Amino acid sequence: MTTSTFPSSSADPELADRLAAVRERVAEAARSAGREPEDLTTIVVTKFHPASLVRALLDLGATEFGENRHQEARDKAAELDGTAARWHFVGQLQGKKARQVRAYADVVHSIDRPSLVDALADPAHPLDVFVQVNLTDDPGRGGVAPAELEALVEHADAAPGLRLLGLMAVAPLDEEPARAFARLRGLADRARSIAPEARFLSAGMSADLEQAVAEGATHLRIGTAITGSRPVAG
Ligand SMILES: *Cc1c(COP(=O)(O)O)cnc(C)c1O
C-alpha cells in the first residue's frame with residue numbers, strides 16, 4: 001500500500017501543540033545542561049505516517065525528517081520533492097539499497113559496518129553520516145559493537161565523499177537511558193580522538209531526550225511525542 005492511503009493527519013489540531021511542547025522540552029533540557037538550544041537539531045521521525053503529516057510539519061517550520069524504511073522514505077521524499085524537507089535515514093540499511101538511499105537522504109545515521117561505508121562512499125555524491133553504536137549485548141539491535149567502533153570510525157573517516165558527523169545510538173530497553181548515554185559519551189570521545197571533526201551525537205527519542213541532551217546529544221530523533229502514535233504498519 002502507498003503511504004497516501006493513510007488518513008490525513010494534517011488536520012490534527014494537536015500537532016502544533018505537540019511540536020511546541022517538544023521544542024520547549026528541548027530548550028529546557030539545553031538550559032539545564034548549560035547548552036544553547038540553537039546547537040540542537042530536532043529530527044521529526046515520521047515513519048508510518050503519510051506525506052501529508054510531513055507537509056503539516058513543514059508548515060509549522062520543521063525541516064528535518066527521519067525515516068527507517070527505504071521504500072517508504074523514497075516515496076515520501078519523491079512526493080515532497082521541491083519542499084524544504086531534509087531526510088535522515090535512521091534504520092538498518094542493506095548494502096544493495098545503499099545507493100538508492102543516497103539518492104534522497106541528506107544524512108544516514110545507521111552506518112554499522114565497513115561494507116556499508118564502501119557501498120555509500122562516492123566522491124561524486126557527498127553524504128553526511130553517523131556511525132551507529134550498539135549499546136546492548138544483542139547484535140540484532142543495530143549498530144557496531146563498541147569493540148569494533150574505532151576501526152569503523154577510521155574506515156568511515158577515510159571514505160571518499162562521506163563526511164563523518166559523529167556517533168548515533170538508541171538507548172537499550174532494559175537500562176537507564178542516563179547510564180547508557182553516559183557510556184555513549186565516552187565512546188564519542190574515543191571516536192573524536194580518531195576523527196576530530198566527528199563532533200556531533202545523534203541520540204535521544206521521545207522518552208529520553210532530556211537524558212541524551214545532558215550527555216551531549218546534538219541531533220534528537222523524536223517520533224511519537226510530536227507525531228502522536230504511529231498508524232499500524234500496512
Ligand atoms: C522510531 C525511531 C525514533 C523515534 O522514536 P520515538 O520513541 O517515537 O520518539 C528514533 N530513532 C530511531 C532509530 C527510530 O527508529
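These are my notebook entries on a ligand site, a histidine and several charged pairs in a predicted model.

**Entry 1. The ligand site**

I began with the residues around the ligand. I found it surrounded by Val45, Lys47, Val90, Met205, Ser206, Arg221, Ile222, Gly223, Thr224 and Arg230.

I then looked up polar atoms beside the oxygen atoms of the ligand. For lysine 47, I noted a polar side-chain atom 2.7 Å from an oxygen atom of the ligand. For glycine 223, a backbone N or O atom lies 2.8 Å from a ligand oxygen. For threonine 224, a polar backbone atom is 2.9 Å from an oxygen atom of the ligand. I also looked up the cover: of the 380 Å² of accessible area that the ligand has on its own, the protein covers 87%.

**Entry 2. Glycine 223**

I returned to glycine 223 and asked where it is placed. I located glycine 223 in the loop between β8 (219-222) and α9 (224-227). Is glycine 223 buried or exposed? Its relative accessibility is 6%, so I entered glycine 223 as buried, the limit being under 20%.

Leaving out residues up to four places away in sequence, I recorded that glycine 223 touches Val45, Ser206 and Arg230. These three are also among the residues that surround the ligand. I took one distance across the chain as well: the C-alpha atoms of glycine 223 and glutamate 24 are separated by 15 Å, with their positions 199 residues apart along the chain.

**Entry 3. Histidine 88**

I placed histidine 88 in strand β3, which spans residues 86-89. With a relative accessible area of 2%, histidine 88 is buried. Which side chain does histidine 88 join in a polar contact? I found the side chain of glutamate 64, at 2.7 Å.

I listed the neighbours of histidine 88, again without residues up to four places away in sequence: Ile43, Glu64, Phe65, Gly66, Glu67, Val107 and His109. Glu64 thus appears in this list and as the polar partner.

**Entry 4. Salt bridges**

I turned to charged pairs. Side chains of opposite charge can pair when their charged atoms come close. How many salt bridges does the model hold? The count comes to 19.

I examined the pair of glutamate 210 and arginine 25, whose side chains meet in a salt bridge at 2.8 Å, N to O. Glutamate 210 lies in helix α8 (residues 209-214) and arginine 25 in helix α1 (residues 15-32), so I noted that this pair ties together parts 185 residues apart in sequence. Both residues are partly exposed: glutamate 210 at 31% relative accessibility, arginine 25 at 27%.

I next took glutamate 24, whose side chain meets that of arginine 31 in a salt bridge at 3.1 Å, N to O. I entered glutamate 24 as partly exposed at 44% relative accessibility, and arginine 31 as partly exposed with a relative accessible area of 47%.

The pair of glutamate 175 and arginine 179 has its closest N and O atoms 3.1 Å apart. Here I recorded a contrast: glutamate 175 is buried, with a relative accessible area of 16%, whereas arginine 179 is exposed, with 58%.

Finally, I noted that salt bridges with shared partners join Glu67, Arg69, Glu72 and Lys76 into one network. Glu67 is also one of the residues that histidine 88 touches.

Key
Residues numbered from 1 in each chain as written. Predicted model: local features only at pLDDT ≥ 70, side-chain atom pairs only at ≥ 80, totals over all residues. Heavy atoms only, no water. Helix = DSSP H or I, 4+ residues; strand = E, 2+ residues; numbered from the N terminus. Buried < 20%, exposed > 50% of the residue type's maximum accessible area, 1.4 Å probe, protein only. Polar contact = N/O pair within 3.5 Å; in protein donor to acceptor, adjacent residues only side chain to side chain. Contact = heavy atoms within 4.5 Å. Salt bridge = Lys/Arg side-chain N within 4 Å of Asp/Glu carboxyl O. Near = heavy atom within 4 Å. Areas by Shrake-Rupley, 256 points an atom, 1.4 Å probe, with all protein chains shown as cover.
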